Amino acid sequence: MDSVSTAPDDRRRCQVLGVPVDACRDVCAAALGLHSRGGGRIVTLNAEMTMSARADAALGQAIGTADLVIPDGAGVVWALGRQQIRVVKTAGIELAWTLLEYAAAHQWRVALVGATPEVMATLRAELPQSIRGLNLALAVDGYQAPEAWQGVEAQLRALKPDLVLVALGVPRQETWSERVAAGQPGLWMGVGGSFDVWAGIKKRAPSWMCRMQLEWLYRLIQEPSRWRRMLLLPAFALKVIRLG
């Protein structure tokens, strides 16, 4: 049986297949509370990432040391439900957007790291128009030359942003954030393909598919090359059932 511990701020740190995930009534409030206490890292956990973390020690450590791990996937919510832990699926892309709106309203400095140069150029131009008052202090694409990353990291440490959204893909966005965010203030959050959606390059699943927990199918239709990764989903379900 996976263990559950009670955190003092309403969060319960649970485990799914040995990978930590937090159950809390209000994920956004938990994130803002984390910021008010000096900041920390947020990870959005789904079934695919859970299985990857079991095979990748560096990813497992990055998730295990994160300050807030939210259930961003129907599989994780289902697995918690089997432990009698009731949570609501929280889409990372929605939490990230809410945090951007909060940032604009409270004069936070925001940094974006990741995606292609074209996507980042679009966000640099359009996000401040979509979210009035947004202070986009740094916006750097994820296709930097290897020798340029040291400079990017130095910029982030000097800027000390309130919110850093990182779209470098799993596991890199988690392991990179773990290293660079160490000792730094602000919220650091991996956001996967959110930048592509915000830039209009990709679309989210229709609301009816979200309600039916079929977002994974919509993503597979958009990106057929993901089929091998999708094989982790039945493996995840079987492992959860087998381990009880």
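Two strands count as paired when DSSP finds at least two bridges between them. The exercises below apply this and related criteria to a predicted model.

**Exercise 1. The hairpin of β2 and β3**

Task: Determine in which sense strands β2 and β3 pair, and state which residue in the turn has a positive phi.

Solution:
1. Locate the strands: β2 covers residues 12-16 and β3 covers residues 19-23.
2. Apply the pairing criterion. At least two bridges are required, and β2 and β3 share 5 bridges in the antiparallel sense.
3. Take one position as an example: Gln15 stands opposite Pro20 in β3.
4. Examine the turn. The two strands form a hairpin with 2 residues between them. Leu17 lies in this turn and has a positive phi of about 55 degrees.
5. Place Leu17 in a wider setting: Leu17 is included in a nonpolar core of 24 residues, separate from the core treated in Exercise 3.

**Exercise 2. Salt bridges and exposure**

Task: For the salt bridges Arg13 with Asp22, Arg179 with Glu153 and Asp196 with Lys202, decide whether each partner is buried or partly exposed.

Solution:
1. Recall the principle: side chains of opposite charge can pair when their charged atoms come close. The structure holds 5 salt bridges, including the three treated here.
2. Fix the cut-offs: a residue is buried under 20% relative accessible area and exposed over 50%, with partly exposed in between.
3. Consider Arg13 and Asp22, whose closest N and O atoms are 2.7 Å apart. Arg13, at 22% relative accessibility, is partly exposed, whereas Asp22, at 3%, is buried.
4. Consider Arg179 and Glu153, where the closest N and O atoms are also separated by 2.7 Å. Arg179 belongs to helix α8 (residues 172-180) and Glu153 to helix α7 (residues 149-159), so their pairing ties together parts that are 26 residues apart in sequence. With a relative accessible area of 45%, Arg179 is partly exposed; Glu153 has 8% and is buried.
5. Consider Asp196 and Lys202, with 3.7 Å between the closest N and O atoms. A relative accessible area of 16% makes Asp196 buried, and 27% makes Lys202 partly exposed.

**Exercise 3. The largest nonpolar core**

Task: Identify the residues that touch the most other members of the largest nonpolar core, and the helix that gives the most to this core.

Solution:
1. Begin with the chain as a whole: 48% of the 244 residues in the protein chain are buried.
2. The largest nonpolar core has 38 residues, among which Ile42, Leu100, Leu112, Leu165 and Phe195 touch the most other members.
3. Helix α5 (residues 92-105) contributes the most, namely 7 residues.
4. Follow Ile42 outward. Beyond its neighbours within four places in sequence, Ile42 is in contact with residues including Leu68, Ile70, Leu95, Leu99 and Trp188.
5. Relate this to the chain's contacts: among those with a separation of 6 or more, 68% join residues 24 or more positions apart.

**Exercise 4. Helix α2**

Task: State which residues of helix α2 are buried, and describe the contact made by a side-chain oxygen at its start.

Solution:
1. Helix α2 spans residues 47-55, and its buried residues include Ala47, Glu48, Met49, Thr50, Met51 and Ala53.
2. At the start of α2, the backbone nitrogen of Glu48 has a side-chain oxygen of Asn46 within 3.3 Å.

**Exercise 5. Backbone exceptions in loops**

Task: Locate the cis peptide bond between Val170 and Pro171, and the positive phi values of Ala115 and Lys160.

Solution:
1. State the expectation: most residues other than glycine have a negative phi, and most peptide bonds are trans.
2. The bond joining Val170 and Pro171 is cis, with omega about 10 degrees. Pro171 is found in the loop between β8 (163-167) and α8.
3. Ala115 has a positive phi of about 65 degrees and is placed in the loop between β6 (109-114) and α6 (117-130). At 12% relative accessibility, Ala115 is buried.
4. Lys160 has a positive phi near 50 degrees, and its place is in the loop between α7 and β8. A relative accessible area of 39% makes Lys160 partly exposed.

Note on methods
Residues are numbered from 1 along each chain as its sequence is written. This is a predicted model: local features need pLDDT of at least 70, side-chain atom pairs count only at pLDDT 80 or more; totals for chains, interfaces and linings use all residues. Side-chain values use heavy atoms; hydrogens and water are left out. Buried means under 20% relative accessible area, exposed over 50%, partly exposed in between (1.4 Å probe, protein chains only). Contact means heavy atoms within 4.5 Å. A salt bridge is a side-chain nitrogen of Lys or Arg within 4 Å of a carboxyl oxygen of Asp or Glu. Helices (H or I, at least four residues) and strands (E, at least two) are DSSP runs, numbered from the N terminus. A polar contact is a pair of N or O atoms within 3.5 Å; within protein, one must be able to donate a hydrogen and the other to accept it, and residues adjacent in sequence count only if both atoms are side-chain atoms. A nonpolar core is a set of buried Ala, Val, Leu, Ile, Met, Phe, Trp, Tyr and Cys residues joined through side-chain atoms within 4.5 Å.
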